[in-house]
Amino acid sequence: MSGTLFLLVSPVSRGLWAVVWLAVCLAACSTWTGQRPPKPLTAAEQAAAAAAREALDQLDAHNPGLLAVKGLGSFTLWRQNTVQRARVAWVGQRPDKLRLLLRDISGVPIATLANDGTWFYLDAHSEGRFYRKSASDATLRRLLLVAIDAEEIVSLLTGRIPLRPFHTARLHPDPVGGRDVLWLWDGSGRLVEKIHLDPDGQGRVRRIEMFDNGNRLLYGVDFSGRLGASDCPLPAELTVSSAAQPVFRLQIERCWANPALTAEIFRLRPGAAGP
């Protein structure tokens, strides 16, 4: 038997070695996630990612000190086959506190809605009805007929671009519109948002689009014009639309930055028209 080594193992020892071997295998397998290592980015993809980071930094720098706003303007609502127009006054405070009063052209209150972060209020003055419901996004969406939430509305009113949670961002040129578009995807590779940048290179935004789980458009917002007030750098007009048609348009005429506000102003009681 020269040149050969035999290892004699008892049945008990063989059982012990089997346990040890199983433990080693499990430890090794625990490091395998079932996913391949991320594919290295090409030079073009690296450039698009770097440009996206720069664009996101510019967006984050917009109005960092504008935490609350008071405004006056006009409001247009498209519903089914009708178009309704009204005067509007509002106050908003980040992240999601909002109060808005609609009046007809003669100044008579039509409705007041408010969100204090806990409750959503609607006082329909013209109908003599008052509603208070849990401040869920679904309540506001049913009222406006578009999948937009209170925090996103307040972001728009304070000159910020609402960002859905995302994992990956890329900046790509739009050959049709002549401007760059920032694409945002979640961790599963689903498109959640597109941000169309103004060609002026200042990081301003012309349009945003929000998408659902099936990559279908939830809503879009188009921005136009600029207010002259230096303390309220806001667009003069924003139009929110669904995939089918415009939903509402807000034309901002006057704006006050960071007014003194109390929590009580975002709570409604029947008959309180404010703001």
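User: In this predicted model, where does A236 lie, and with which residues is A236 in contact once its neighbours within four places in sequence are left aside?

Analyst: A loop residue is read through its place in the chain and then through its partners. A236 belongs to the loop between strand 11 (217-224) and strand 12 (237-241). Leaving aside neighbours within four places in sequence, its contacts are S224, G225, R226, L227, L250, Q251 and I252. A further reference point is R254: the two residues are 18 positions apart in sequence, and their C-alpha atoms are 9.2 Å apart in space.

User: How many helices and strands does the chain have, and what share of its residues is buried?

Analyst: The chain contains four helices and 13 strands. Of its 275 residues, 37% are buried. The exposed surface comes to about 16200 Å², with 57% of it supplied by carbon and sulfur atoms. As for contacts with a separation of 6 or more, 44% are between residues 24 or more positions apart.

User: Which residues have the most contacts inside the largest nonpolar core?

Analyst: The largest nonpolar core comprises 51 residues, and L182, I195 and I208 have the most contacts inside it. I208 can serve as the worked case. Apart from neighbours within four places in sequence, I208 is in contact with L156, I161, P162, K194, I195, Y219, G220, V221 and F223. One of these partners, L156, is a buried residue of helix 4.

User: How should helix 4 be read: is helix 4 mostly covered or mostly open?

Analyst: The general idea comes from helix geometry. An α-helix has 3.6 residues a turn, so residues three or four places apart point the same way. Helix 4 spans residues 150-157 and is mostly covered, with seven of its eight residues buried. The buried residues are A150, E152, I153, V154, S155, L156 and L157. S155 counts as buried because its relative accessibility is 16%, under the 20% cut-off. Beyond its neighbours within four places in sequence, S155 is in contact with R160 and P162.

User: What is found at the N-terminal end of helix 4, and what just after the helix?

Analyst: At the N-terminal end, D149 acts as the cap: one of its side-chain oxygens lies 3.2 Å from the backbone nitrogen of E151. Just after the helix, G159 adopts a positive phi of about 75°.

User: How is a pair of aromatic rings described, and how many such pairs does the structure hold?

Analyst: A pair of aromatic rings is described by the distance of the centres and the angle of the planes. The structure holds two aromatic pairs. In one of them, F75 and F248 have ring centres 5.5 Å apart and planes at 25°, so the pair is stacked. F75 lies in strand 1 (residues 68-79) and F248 in strand 13 (residues 246-257), so the pair ties together parts 173 residues apart in sequence. Both F75 and F248 are buried. The other pair, W183 and W185, is also stacked, at 5.9 Å centre to centre and 20° between the planes. W183 is partly exposed, with a relative accessible area of 25%.

User: Which charged ends sit over the rings of W256 and W119?

Analyst: Such a case is read from the distance between the charged end and the ring centre. The charged end of K70 sits over the ring of W256, 5.7 Å from its centre. That of R132 sits over the ring of W119, 3.7 Å from its centre.

User: Is T112 buried or exposed, and with which side chain does T112 make a polar contact?

Analyst: T112, in strand 4 (residues 109-115), counts as buried because its relative accessibility is 0%. Its side chain makes a polar contact of 2.8 Å with the side chain of H125.

User: Which backbone features of P95, N63 and N258 deserve attention?

Analyst: Two kinds of feature are to be read here, omega and phi. The peptide bond from R94 to P95 is cis, with omega near 5°. P95 is in the loop between strand 2 (82-93) and strand 3 (97-103). N63 is a residue other than glycine with a positive phi, near 50°. N63 lies in the loop between helix 2 (43-60) and strand 1, and is buried at a relative accessible area of 13%. N258 likewise has a positive phi near 50°. N258 lies in the segment after strand 13 and, at 40% relative accessibility, counts as partly exposed.

Notes: Residues are numbered from 1 along each chain as its sequence is written. This is a predicted model: local features need pLDDT of at least 70, side-chain atom pairs count only at pLDDT 80 or more; totals for chains, interfaces and linings use all residues. Side-chain values use heavy atoms; hydrogens and water are left out. Buried means under 20% relative accessible area, exposed over 50%, partly exposed in between (1.4 Å probe, protein chains only). A polar contact is a pair of N or O atoms within 3.5 Å; within protein, one must be able to donate a hydrogen and the other to accept it, and residues adjacent in sequence count only if both atoms are side-chain atoms. Contact means heavy atoms within 4.5 Å. Accessible areas come from the Shrake-Rupley method with a 1.4 Å probe; for residues, only the protein chains shown count as cover. A nonpolar core is a set of buried Ala, Val, Leu, Ile, Met, Phe, Trp, Tyr and Cys residues joined through side-chain atoms within 4.5 Å. Rings of Phe, Tyr and Trp (its six-membered ring) pair if their centres lie within 6.5 Å; planes under 30 degrees apart count as stacked, over 60 as edge-to-face and the rest as tilted. A charge sits over a ring if NZ of Lys or CZ of Arg is within 6 Å of the ring centre and within 35 degrees of the ring normal.
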